[in-house]
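Student: I'd like a close look at one part of this protein, the stretch where loops are held together by charged side chains. Could you walk me through that part and then show me how the rest of the chain is arranged around it?

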Amino acid sequence: MKESFWGVFVVMLGVAGIIFIFLFQNLTNTDEHNSQLLKEVTEAAMWDSFDYASYRSTGEIRINREKFVENFIRRYAESASMSREYNIKFYDINEKPPKVSIRVSSGVIGSNGMSGETMNFDLSDRINAILEVPY
């Protein structure tokens with residue numbers, strides 16, 4: 001009888017370990033994906049909103065604020081996971097010199113399959129980006 005309890009203990013410990021590893025991996029992959037996505041989408045949206053007419057006429061480097069917000073939201077929505085809610089906040093957008101400050105928060109819901117508990121995590125990434133143009 002004592003040996004069977006040890007067997008049940010080892011099996012339950014293994015199941016708990018697998019659940020912990022799955023939850024930790026899900027959180028880590030989500031955070032890494034969101035931070036890379038934020039970096040790449042910010043750079044691409046800045047290049048899309050680059051004001052070429054102003055650059056040709058006066059030689060000054062600037063971006064269009066409305067175009068940047070539109071392009072950023074469109075690109076982020078195309079690549080983000082549809083199973084999560086995202087909260088995007090634009091803190092600072094300077095047209096000249098091109099500088100943006102953005103914070104993206106995403107809620108991650110993890111569930112424990114055995115007990116039915118759900119755990120909510122708030123992951124947020126922040127970026128301050130400056131557009132550098134080679135002369």
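Tutor: Here is a walk through the salt bridges between the loops, followed by the parts of the chain beyond them.

Please keep in mind that this is a predicted model. The protein chain has three helices and three strands, and from the N terminus on they run α-α-α-β-β-β. The loops you ask about belong to both halves of that order: one lies between H2 and H3, the other between E1 and E2.

Let's begin with lysine 96, which forms a salt bridge with glutamate 60; their closest N and O atoms are 2.8 Å apart. Lysine 96 sits in the loop between strand E1 (86-94) and E2, while glutamate 60 sits in the loop between H2 and H3, so this pair ties together parts that are 36 residues apart in sequence. How open to the surroundings are the two partners? Lysine 96 is partly exposed, because its relative accessible area is 48% and the exposed class starts only over 50%. Glutamate 60 has 22% relative accessibility and is therefore partly exposed too, as the buried class ends under 20%.

A second bridge joins the same two loops. Here the side chains of glutamate 95 and arginine 62 meet, with 3.3 Å from N to O. This pair also links distant parts of the chain, since glutamate 95 is in the loop between E1 and E2 and arginine 62 is in the loop between H2 and H3, 33 residues apart. Glutamate 95 counts as partly exposed because its relative accessible area is 22%, and arginine 62, at 23%, counts as partly exposed as well.

For contrast, look at a bridge within a helix. The side chains of glutamate 78 and arginine 74 meet at 3.7 Å, N to O. Both lie in helix H3, four residues apart, or about one turn of the helix. Glutamate 78 counts as exposed because its relative accessibility is 56%, whereas arginine 74 is partly exposed at 38%. Back at the loops, salt bridges that share partners join Glu60, Arg62, Glu95 and Lys96 into one network. The structure as a whole holds six salt bridges. As background, side chains of opposite charge can pair when their charged atoms come close.

Lysine 96 has another feature worth a look on your screen. The peptide bond from lysine 96 to proline 97 is cis, with omega near -10°. In general, most peptide bonds are trans. Proline 97 lies in the loop between E1 and E2.

Arginine 62 also leads us to a buried serine. Serine 49 lies in the loop between H1 and helix H2 (52-58), and it counts as buried because its relative accessibility is 1%. Its side chain reaches the backbone oxygen of alanine 45 at 3.0 Å. Leaving out residues up to four places away in sequence, serine 49 touches Arg62, Ile63, Asn64, Lys67, Phe68 and Asn71.

Phe68, in turn, takes us into the interior. The largest nonpolar core has 20 residues, and those with the most contacts inside it are Phe68, Phe72, Tyr76, Val100 and Ile102. Two or more residues come from each of H1, helix H3 (65-79), strand E2 (99-111) and strand E3 (118-130), with H1 giving the most, five residues. Tyrosine 76 is a good one to click on: apart from neighbours within four places in sequence, it is in contact with Asn34, Leu37, Leu38, Val41, Tyr86, Ile88 and Val104.

Not every nonpolar side chain is tucked away, though. Trp6, Phe9, Val10 and Leu13 form a nonpolar patch on the surface, with about 470 Å² of accessible area together. Tryptophan 6 belongs to helix H1 (residues 2-48) and counts as exposed because its relative accessibility is 56%.

Finally, some totals for the chain. Of its 135 residues, 27% count as buried. The chain exposes about 9,300 Å², of which carbon and sulfur atoms supply 58%. Among contacts between residues at least 6 apart in sequence, 56% join residues at least 24 apart.

Definitions and conventions
Residues are numbered from 1 along each chain as its sequence is written. This is a predicted model: local features need pLDDT of at least 70, side-chain atom pairs count only at pLDDT 80 or more; totals for chains, interfaces and linings use all residues. Side-chain values use heavy atoms; hydrogens and water are left out. Patches are made of residues with over 30% relative accessible area and no salt bridge: like charges are joined within 9 Å, nonpolar side chains (Val, Leu, Ile, Met, Phe, Trp, Tyr) within 5 Å. Accessible areas come from the Shrake-Rupley method with a 1.4 Å probe; for residues, only the protein chains shown count as cover. A salt bridge is a side-chain nitrogen of Lys or Arg within 4 Å of a carboxyl oxygen of Asp or Glu. Buried means under 20% relative accessible area, exposed over 50%, partly exposed in between (1.4 Å probe, protein chains only). A nonpolar core is a set of buried Ala, Val, Leu, Ile, Met, Phe, Trp, Tyr and Cys residues joined through side-chain atoms within 4.5 Å. Contact means heavy atoms within 4.5 Å. A polar contact is a pair of N or O atoms within 3.5 Å; within protein, one must be able to donate a hydrogen and the other to accept it, and residues adjacent in sequence count only if both atoms are side-chain atoms.
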